[in-house]
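Subject: A structure for you to look at

Hello,

I am passing a structure on to you, and I hope you enjoy turning it around on the screen. Please open it first and then read my notes beside it.

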Amino acid sequence: MALAREGLSLTNMGDIMEQTVAGATSTGTHGTGRDSASTAAQIRALELVTADGHLLTCSEKENPEVFAAARIGLGALGVITAITFAVEPVFLLTAREEPMTFDRVTSEFDALHAENEHFEFYWFPHTDNCNTKRNNRSAGPAAPPGRISGWVEDELLSNGLPARLLAGQGGAAGRPRARQGLSRALSARTYTDIPYKVFTSPRRVRFVEMEYALPREAAVAALREVKAMVERSPLKVSFPVEVRTAPADDIPLSTASGRETAYIAVHLYRGRPTGRTSPRWSGS
Ligand SMILES: Cc1cc2nc3c(=O)[nH]c(=O)nc-3n(C[C@H](O)[C@H](O)[C@H](O)COP(=O)(O)OP(=O)(O)OC[C@H]3O[C@@H](n4cnc5c(N)ncnc54)[C@H](O)[C@@H]3O)c2cc1C
C-alpha cells in the first residue's frame with residue numbers, strides 16, 4: 001500500500017500484507033510465480049546489526065556472502081534495520097479465476113504454469129472441485145472485482161467459509177453435498193487491479209497451516225497422493241489446499257534454492273485436531 005502511494009510496486013507478493021517487511025523476507029514468504037520469486041529474492045541490499053553491535057551493509061557487491069544468506073536468515077545473522085527492494089512502477093494485473101475439475105487442473109498443470117505469469121489453484125478436499133487463479137500483466141483499464149463476488153471468493157478460499165458454516169452440523173465430512181455445493185458456488189470471474197490488491201486478500205479466521213515445498217515436476221503426483229490420503233482417512237478438511245509455484249532462486253535457505261519449486265499448503269481451522277495421535281480425531 002505504501003509503495004502504491006508512491007506509484008511503485010513489488011513484482012510479486014504472498015497472500016497477505018499484514019507481516020513486517022523483515023519478518024516476511026526472513027522466512028522466505030512467497031506468492032506464486034513463473035518468473036518472479038519470493039519477497040526475499042526481490043531484495044537488492046540490506047542493513048544488518050550484528051551480534052557485536054556493528055552495522056553491516058550488504059548487497060551483491062558489499063559483503064556478498066552475508067547478503068546471500070541474510071535475505072532469508074530467520075534472524076540468525078543479526079537484526080535487519082533496512083531493506084532495499086527492486087521495486088518497479090506500479091502496473092496492472094488481470095486476474096482470471098475459473099473453477100476446474102481436479103483431473104483437468106492436474107493434467108494441465110504444466111501448461112497452465114507455463115502460459116501464465118502467476119498461476120495457482122485451490123483444491124477443495126472431499127470434492128473433485130478446484131478453483132484456479134491466473135494473474136497476468138495487463139494494459140488496463142483497471143476493473144476491480146465487484147464487492148459481492150469479491151466477498152464470496154475471499155470467504156470461500158481464504159477464510160474457510162465451509163468450515164464455519166458446517167461447524168456443529170455433523171462436521172464437514174458429514175455433509176458432502178453441502179460442501180460440494182459451496183465449492184461449486186465459485187464462478188469464473190475476471191478483474192484488473194494494481195498488484196497488492198490482486199495478490200493479497202484479507203484473512204479473518206484463525207487457521208493452522210503447513211506447506212511443503214517440492215520440485216515442481218513432483219507437484220501433481222504429490223497432490224494426487226494427498227487427495228488419496230484424505231479420502232481414505234477420517235480427516236475433515238474444510239479449507240482448500242493451495243498449490244503455488246516459484247522459480248529457482250539463489251538464496252541458501254530458500255525453499256526454492258537452486259530449484260523450480262511447487263508448494264502444497266494444507267490448512268485446518270484453528271482448534272481442530274491436527275495429529276494422528278489425537279483421541280478426538282476420528283469421532284468429531
Ligand atoms: C494468515 C497468514 C497468511 C500467510 N500467507 C503467506 C503466504 O501467502 N506466503 C508465505 O510464504 N507465507 C505466508 N505466511 C507466513 C508469513 O509471511 C510469515 O510467517 C512471516 O514471517 C510473518 O511475518 P512477521 O512480521 O509476523 O514475522 P515474525 O513471525 O515476527 O518473524 C519471522 C522470522 O523473521 C525474523 N525476523 C523478524 N524481524 C526481523 C528483523 N528485523 N531482522 C532479522 N530477522 C527478523 C524472526 O526472527 C523470525 O525468525 C502467512 C502467515 C499468515 C499468518
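Below are my notes on the ligand, the two sheets and some side-chain contacts.

Before you start, please keep in mind that this is a predicted model.

**The ligand and its surroundings**

A good place to begin is the ligand, which is surrounded by 20 residues. The closest of them are Thr20, Thr29, His30, Ile80 and Arg244. If you sort the residues of this shell by character, you get seven nonpolar, 10 polar and three charged ones.

Which parts of the chain supply the shell? Helix α2 (21-26) and strand β4 (79-85) each give at least two residues to it. The largest share comes from α2, with four residues.

Next, try looking at the oxygen atoms of the ligand. An oxygen atom of the ligand lies 2.7 Å from a polar backbone atom of His30, so you meet one of the closest residues again here. For Gly23, the distance from a polar backbone atom to a ligand oxygen is 3.0 Å. At Leu74, a polar backbone atom and an oxygen of the ligand are 3.2 Å apart. As for the ligand's surface, it exposes 970 Å² when taken alone, and the protein buries 62% of that.

**The sheet of three strands**

Strand β4 also belongs to an open sheet of three strands, in the order β3-β2-β4 with antiparallel pairing. Its edge strands are β3 (55-59) and β4, each of which pairs on one side only. On average, neighbouring strands in this sheet are turned by 15 degrees against each other, direction ignored.

To see one pairing in detail, follow β2 (residues 43-49) beside β4: they run antiparallel and are joined by six bridges. Along this pair, you can find Ile43 opposite Phe85 of β4.

A bit of background may help here: strands of a sheet pair through backbone hydrogen bonds, and they do this either parallel or antiparallel.

**The sheet of seven strands**

The other sheet to look for is an open one of seven strands, again with antiparallel pairing, and its order is β9-β6-β8-β7-β11-β12-β10. Why is one side of β9 (189-193) and of β10 (207-215) left without a neighbour in the sheet? Both stand at the edges and have a single partner strand each, so there is no neighbour on the other side. Neighbouring strands here are turned by 20 degrees against each other on average, direction ignored.

Inside this sheet, β11 (residues 241-246) and β12 (residues 261-269) pair in the antiparallel sense over five bridges. There, Val243 stands opposite Ile264 in β12.

**Side chains to pick out**

Strand β8 (residues 129-138) holds Asn136. What does the side chain of Asn136 contact? It makes a polar contact of 2.8 Å with the side chain of Asn116. The side chain of Asn136 also reaches the backbone nitrogen of Glu117, at 2.7 Å.

Finally, there are six aromatic pairs to hunt for. One of them is Phe109 with Phe119, a tilted pair with 6.3 Å from centre to centre and 55 degrees between the planes. This pair links distant parts of the chain, 10 residues apart: Phe109 is in helix α5 (residues 109-115), while Phe119 is in strand β7 (residues 118-123).

Have fun exploring, and do write back with any questions.

Best wishes

Notes
Residues are numbered from 1 along each chain as its sequence is written. This is a predicted model: local features need pLDDT of at least 70, side-chain atom pairs count only at pLDDT 80 or more; totals for chains, interfaces and linings use all residues. Side-chain values use heavy atoms; hydrogens and water are left out. A residue is near a molecule or strand if one of its heavy atoms lies within 4 Å of it. A polar contact is a pair of N or O atoms within 3.5 Å; within protein, one must be able to donate a hydrogen and the other to accept it, and residues adjacent in sequence count only if both atoms are side-chain atoms. Accessible areas come from the Shrake-Rupley method with a 1.4 Å probe; for residues, only the protein chains shown count as cover. Ala, Val, Leu, Ile, Met, Phe, Trp, Tyr, Cys and Pro count as nonpolar, Asp, Glu, Lys and Arg as charged, and the others, Gly among them, as polar. Two strands pair if DSSP finds at least two bridges between them. Axes are lines fitted to C-alpha atoms, for helices over the stretch in contact, and angles run from 0 to 180 degrees between N-to-C directions. Rings of Phe, Tyr and Trp (its six-membered ring) pair if their centres lie within 6.5 Å; planes under 30 degrees apart count as stacked, over 60 as edge-to-face and the rest as tilted.
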